[in-house]
Amino acid sequence: MSDTVLRDIDQMWQDELFPVAEDPAPVGGQRATRFQGYLDQVDWTDQSHVARAIRVFEVALKPWFNPPDGFTWGFEVAIPRLRRLLERDGYKLTDDGTITGGPVAVVADQLLSNLTDPAVIQDHLNRIVHAIEHDDPALAIGSAKELVESTAKVVLHEVGQAFSNKDDLPELVRRSQVALAVHPSNATVGPDGSDAVKKILGATVVVTSGVAELRNAGFGTGHGPGAARSGLGPRHARLAVNAARLWCEFMLDTLADKSAPWKQQREP
């Protein structure tokens with residue numbers, strides 16, 4: 001930013017609806033400090049904020065990809081280094097200066113914010129993201145099964161119901177859905193009690209069992225396989241992770257929904 005005038009720095013950020021920034025303690029020259037002031041406004045946990053900041057970065061990088069005649073701008077060093085840094089966080093810098101992609105999000109962050117102790121869920125999510133990024137389908141499948149199991153236990157804990165470590169996955173899934181009044185056997189009013197939603201929820205129970213069976217068959221970590229995991233690839237990892245996500249997101253979303261049937265039933 002040391003080669004960008006203050007007016008242009010303000011414009012690129014304000015075009016993305018960021019308010020006028022107050023300069024922080026100096027981080028370099030006046031222009032770099034002004035840019036840092038805008039960076040300090042970005043909520044990096046808010047995906048809409050991040051998306052807007054990424055668009056600012058694309059504007060800021062345009063001179064690197066369309067330099068005036070006679071300028072090199074240090075392409076040979078700067079752009080490869082920037083590509084490596086972006087790739088570390090799941091992004092890709094294209095040849096025309098567009099930034100695509102982003103970090104893997106298995107379960108929306110906001111669904112964890114209302115939990116008493118989200119650490120156990122976050123631990124499984126971290127392992128899944130690591131497995132996907134490092135092409136380890138066995139770890140992704142094993143962690144997807146554990147994510148379903150922990151989500152069921154977290155739900156039961158949040159609603160004040162005891163569970164045993166001896167409870168198997170199908171039982172934990174069943175009990176947690178009953179606790180939130182979203183099991184196909186629950187008689188509830190509204191969409192949750194409709195045949196259509198019950199069919200979907202019934203199918204998700206089968207899906208979670210399939211994830212567990214895939215892991216127990218030796219294709220996921222947690223059980224030592226009797227032979228090499230032949231033919232296992234990223235598509236199987238994505239299948240297991242997306243299956244786990246379907247059930248876990250709905251359960252955590254229902255747990256956080258103040259108007260959900262289970263909340264209404266508990267109110268005096």
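**A pocket and the helices around it**

Helix 3 gives the most to the lining of the largest pocket: eight residues. The model is predicted, and this pocket is a good place to enter it. Its space comes to about 980 Å³. The lining counts 30 residues. Nearest the pocket centre lie F35, L39, F57, L61 and L82. Three elements give two or more residues each to that lining: helix 2 (30-39), helix 3 (47-65) and helix 4 (75-88).

What is the lining made of, by class? Of its residues, 21 are nonpolar. Another five are charged, and four are polar.

Now step back to the whole chain. The protein chain has 268 residues, and buried residues make up 38% of them. Its secondary structure comes to 10 helices and two strands. Along the sequence the order reads α-α-α-α-β-β-α-α-α-α-α-α. Four helices thus precede the two strands, and six follow them. Contacts across the sequence come next. Take the contacts in the protein chain with a separation of 6 or more: 53% of them join residues 24 or more positions apart.

Next, go to the N-terminal part. D10 sits in helix 1, which runs over residues 6-14. Is D10 buried or exposed? Its relative accessible area is 18%. The cut-off for buried is under 20%, so D10 counts as buried. Which residues does D10 touch, leaving aside those up to four places away in sequence? They are R34 and Y38. With R34 there is also a polar contact: the two side chains, of D10 and R34, are joined at 2.9 Å. R34 and Y38 both fall within the range of helix 2 (30-39), the helix already met at the pocket.

Then move along the chain to helix 8, residues 195-219. Does its length fit its residue count, or depart from it? Helix 8 has 25 residues, and at 1.5 Å a residue it should span 36 Å. Its end C-alpha atoms are 34 Å apart, so the two values agree.

Which residues of helix 8 are buried? They are V197, L201, T204, T208, V211, A212, R215 and G218. The list holds the charged residue R215 as well as the threonines T204 and T208. Other helices take part in covering these buried residues. Among them are helix 6 (137-158), helix 7 (169-179) and helix 9 (234-256).

Methods
Residues numbered from 1 in each chain as written. Predicted model: local features only at pLDDT ≥ 70, side-chain atom pairs only at ≥ 80, totals over all residues. Heavy atoms only, no water. 1 Å grid on protein atoms, 1.4 Å probe; cavity = no way out; pocket = protein on both sides within 12 Å on 5 of 7 lines; lining within 4 Å. Points joined across faces, edges and corners; volume = space filled by probe spheres on them. Nonpolar A, V, L, I, M, F, W, Y, C, P; charged D, E, K, R; others polar. Expected span 1.5 Å × (residues − 1). Buried < 20%, exposed > 50% of the residue type's maximum accessible area, 1.4 Å probe, protein only. Contact = heavy atoms within 4.5 Å. Polar contact = N/O pair within 3.5 Å; in protein donor to acceptor, adjacent residues only side chain to side chain.
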